[in-house]
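Trainee: I am new to this structure and would like a close look at a single part of it. Please take the nonpolar interior and the sheet beside it, and define the terms as you go.

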Amino acid sequence: MTRLSTPPLAVRVNPRRLPLSVFPHNSNPSIPFLPFSKKTHFQASAAKMASSSTKVIDSHLHVWASPEEAADKYPYFPGQEPTLPGHLQFLLQSMEEANVDGALIVQPINHKFDHSLVTSVLKKHPSKFVGCCLANPAEDGSGLKQLEHLVLKDGYRAVRFNPYLWPSGQQMTNEIGKAMFSKAGELRVPVGFMCMKGLNLHISEIEELCTKFPSTVVLLDHLAFCKPPTNDEENQAFSNLLKLSRFPQVYVKFSALFRVSRKPPPYQDLAPLLSQLVSSYGANRLMWGSDFPYVVPESGYKGGKESVSVIAGEIPLSSSELEWIMGRTALELFKGQWLPS
């Protein structure tokens, strides 16, 4: 099985540490955000990207059983029954309509540590999907063996650390957490962190793990849940996110934009954040992700994807930078997975 390879050194970057006030917000969210009313430099870049052979890869989405599948073969975890559809056919239809070529499927909480549904999807579509399993931090250490099995036997190529699944009072830096994080590096699979309650709460754990285990690649889901700052605490969180770029193994998912934006689609208040992330990390350490199916009632799957082009146009990013964010970073990180058509 092809494993993780080291991506090339950082692309370009002209520093853009601009104040948050530089970028205008969308004053009329009701105006359709594509196409633009006049030709811009960025539209030309976007057109070049559209004609590019680089695949578009969604770095973060979920799939779960339909009610019929749950009753028959893939039960939901008790108390985690989904409130919206997220079955495979819906996902495939959404990706086709949005011209998305491949995706990283993150094990959903709806099935918790039962990976059988996602595994079945990976086996049905091995050239379209990559699997990210969910780490089980049980104190008996069984999660370590499960991680090895999922990677070596079932072909998963990433693992998610959800800090809120750790035993009460324990941190991701406990003995089990360190063992799984170290094992992920040994297996050459990235670890994704879900900091839903805020990066400030988990920054010391992430820094400690990155320092002790520099060979383990890290993915920060959903901009580490950093919103456009409006107070000192939020400024500190985003500053912490930028400072994590000093660890070369850290990547950021520019994903689930509806979760971090304070505006309606196309989420133009995220332009200053993306600008500073590109300056700190380089576009080749950033990845777009939809957070399907949660994105569907917010902007639609296609609308969530197109929002990135609008945000990038506010900065503006080059067509090459946009290519990295929309797929090339994931293609390099999971090398050999999404082969040319």
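Mentor: What follows goes from the core to its aromatic rings, and then to the sheet and one loop residue.

This is a predicted model, in which local features need pLDDT of at least 70 and side-chain atom pairs count only at pLDDT 80 or more, while totals for chains, interfaces and linings use all residues. Residues are numbered from 1 along each chain as its sequence is written, and side-chain values use heavy atoms, with hydrogens and water left out.

A nonpolar core is a set of buried Ala, Val, Leu, Ile, Met, Phe, Trp, Tyr and Cys residues joined through side-chain atoms within 4.5 Å. Buried means under 20% relative accessible area, exposed over 50%, and partly exposed in between, with a 1.4 Å probe and protein chains only. The largest such core here has 86 residues, and the most contacts inside it belong to Phe129, Phe161, Phe193, Leu220 and Leu241. Helix H10, residues 271–281, gives the most to this core, with 6 residues. Helices (H or I, at least four residues) and strands (E, at least two) are DSSP runs, numbered from the N terminus. Apart from this core lies another, of 14 residues, including Val106, Cys132, Leu219 and Ala330.

Phe161 deserves a closer look. Leaving out residues up to four places away in sequence, Phe161 touches Ala135, Trp166, Met172, Gly177, Met180, Phe181, Val191, Gly192, Phe193 and Met194; contact means heavy atoms within 4.5 Å.

Next come the rings. Rings of Phe, Tyr and Trp (its six-membered ring) pair if their centres lie within 6.5 Å; planes under 30 degrees apart count as stacked, over 60 as edge-to-face and the rest as tilted. A search of the whole structure finds 10 aromatic pairs. In one of them, the ring centres of Phe161 and Phe193 are 5.8 Å apart and the planes stand at 85°, so this pair is edge-to-face. The pair links distant parts of the chain, with Phe161 in strand E4 (residues 158–161) and Phe193 in strand E5 (residues 191–193), 32 residues apart. Both Phe161 and Phe193 are buried. Phe334 and Trp338 are also edge-to-face, because their ring centres lie 6.2 Å apart and their planes are at 85°. Phe334 is buried at a relative accessible area of 2%, and Trp338 is buried at 7%. Ring pairs also link Phe161, Trp166, Phe181, Phe193 and Phe213 into a cluster.

Now the sheet. An open sheet of 8 strands has the order E1-E2-E3-E4-E5-E6-E7-E8, with parallel pairing; two strands pair if DSSP finds at least two bridges between them. Its edge strands, E1 (57–61) and E8 (286–289), each pair on one side only. Strand E2 (residues 102–106) is joined to strand E3 (residues 129–134) by 4 bridges, and the two run parallel. Within that pairing, Ala103 has Phe129 of E3 as its bridge partner.

Last, a residue outside the strands. Pro108 is placed in the loop between E2 and H4. With 1% relative accessibility, Pro108 counts as buried. Not counting residues up to four places away in sequence, Pro108 touches His62, Val63, Trp64 and Val118. Pro108 and Gln80 are 28 residues apart in sequence, and their C-alpha atoms are 9.6 Å apart in space.
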